[in-house]
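Notebook open, structure loaded. I'm jotting down what I looked up, in the order I looked.

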Amino acid sequence: MAERQDLVIIGGGSGGFAAAIRAAQLGGKVTVVEEAHIGGKCMNHNCIPLTFLITAARRMNAIREAGHFGIQAGDPELDVDALHDEKDLLIEGLRMGTREQLVDYGVEIIDGRGKLTAADTVQVTGQGDREIKARNVLVATGAVQAQLAIEGVELPGVIGTREADALREVPPRVVVIGNQAWDFELAQYFNWIGSQVTLISPTRQMIPEADREISQRLAKFFHDSGIGVKRGAAAEAIREGEDGSLTVVLDGGAEEVPTDRVVAARHLPNSAGLGLRQVGVRMDEGAVQVDERMRTNVSGIYAIGDVTAGPMWSHKANAEGIVAAENAMGRASTMDYDSMPRCFHTSPSVAWVGLTQDQAEDRGLEIAVGKVPIAINPYAMILNQTAGAIKIVAGKRYGRILGVHMMGPGALDLINVAAVAMLSEATVHELMRFIPAHPSIGEALVDAAMDVEKRSLHLPKW
């Protein structure tokens, strides 16, 4: 007799894991089908390994700057093999812990490739074929790395983000092509470990979806750090020299950038070969179309994370997984993206939530803006990390917080405070009454809220 589960999840990444645990908490019989490694792209090939690498590089840079604090440490040396061995141990530990957590909740894990053969049937191929009947199916297959449409991307020395995360060498020169979070993080990582780095962004605004001013500040910081930043540049070809070196050709030959390695890849929804079109699931350019409850147009089939449209963030997939699981188990949950933060693990870190000033103005909203440079914050001065700013976009009439944008030390944690404030429908007036610890970067958040009404305590008097 065919098996029947309450929820079969194709894909064991961040979103699939969250959905499996939540459905099990609600009493569901759950199966996760994963063809590669539990933890998905984020844990195994992107967020976790890259954050580990850039954290190590950040510490190297801190040692170089230790003289500011009277510490004479000299120039640090990097053991690349030891660095990657530690990274791989971390990933293996997380992978094992994730699998054990699923097992503890009674979730069945099947190693193999899942494919829909009917709206309620998942066929698994791999270590023995299986067919699983399900009341609900969740597609959580994430994204797949693909080449950019550039002549020469097949050449040796042209790698994607996955290969860059695993590269056990310090290339003399690196070109990074792209404007996604992983592109900026890889550019800074290679710069800090000793490579000469050029970052090529196809858009004039280096981070298209971020606040324009914050994006400009990061571009300047990169430039000041020795990273060559080329904005609005089209990489049209990559050519190989006789000595094995590479050259990236920009804007129809107007400029050429010599290099040893090129990081050039995009990530696309991993929806091919899953039987989705055959069972009638609606897609747009490979992305599964879903509503606010993560439902597809086919009853009983849900989809979350990078396989759907929208930004590719692990915490987005996680939240969507919980919503999908609750709906699959009979509840009525919806996604709220307005209070979902975005973050770059650069240093200084960049994070934001809600609308940018341009987006608010384009919607015709009457707004007031408050902003303070990190340079006037005492704790930033103590840290000797004064690049950046905090900016708040608020409704002019009632002070409703529409967006918060940060660049500076601690931004990745502080943005969560702003997100909670927005989720709670707090106004800037309530944020002004927040009493931050002293000294802390949080004082700059309160100061930015005060500046919405031009009553900051630390900005120069008007």
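What percentage of the 462 residues in the protein do buried residues make up? I got 52%, where buried means under 20% relative accessible area, exposed over 50% and partly exposed in between (1.4 Å probe, protein chains only).

Note to self on the source: this is a predicted model, where local features need pLDDT of at least 70 and side-chain atom pairs count only at pLDDT 80 or more, while totals for chains, interfaces and linings use all residues. Residues are numbered from 1 along each chain as its sequence is written, and side-chain values use heavy atoms, with hydrogens and water left out.

**Overall build.** I looked up the secondary structure and found 13 helices and 25 strands; these are DSSP runs, helices being H or I of at least four residues and strands E of at least two, numbered from the N terminus. The radius of gyration is 24 Å, close to the 23 Å from the globule rule for 462 residues, so the protein is as compact as a globular protein of that length. That radius is taken over C-alpha atoms, and the rule is 2.2 Å times the number of residues to the power 0.38. The C-alpha atoms fill a box of roughly 75 × 65 × 45 Å along the principal axes.

**Cores.** Next I checked the nonpolar cores, meaning sets of buried Ala, Val, Leu, Ile, Met, Phe, Trp, Tyr and Cys residues joined through side-chain atoms within 4.5 Å. The largest has 70 residues, and Phe-190, Ile-390, Ile-392, Val-404 and Met-406 have the most contacts inside it. Helix α6 (residues 181-193) gives this core its largest share, nine residues. Apart from it I found another core of 23 residues, including Val-30, Met-294, Ile-304 and Ala-324.

I followed Ile-392 further: leaving out residues up to four places away in sequence, its contacts include Val-404, Leu-445, Ala-448 and Ala-449. Contact means heavy atoms within 4.5 Å.

**Helix α13.** Three of those names led me to residues 442-451. All ten, 10 of the 10 residues of α13, are buried, so this helix is largely enclosed by the rest of the structure. Glu-443, Asp-447 and Asp-451 are among the buried ones. Its cover includes β23 (367-373), β24 (389-395), β25 (401-408), α11 (411-423) and α12 (428-432).

**Ser-339.** Last lookup: Ser-339 is in the loop between α8 (314-328) and β21 (342-344). Ser-339 is buried, at 14% relative accessible area. Beyond four places in sequence, Ser-339 touches Val-353, Ala-419 and Leu-423.
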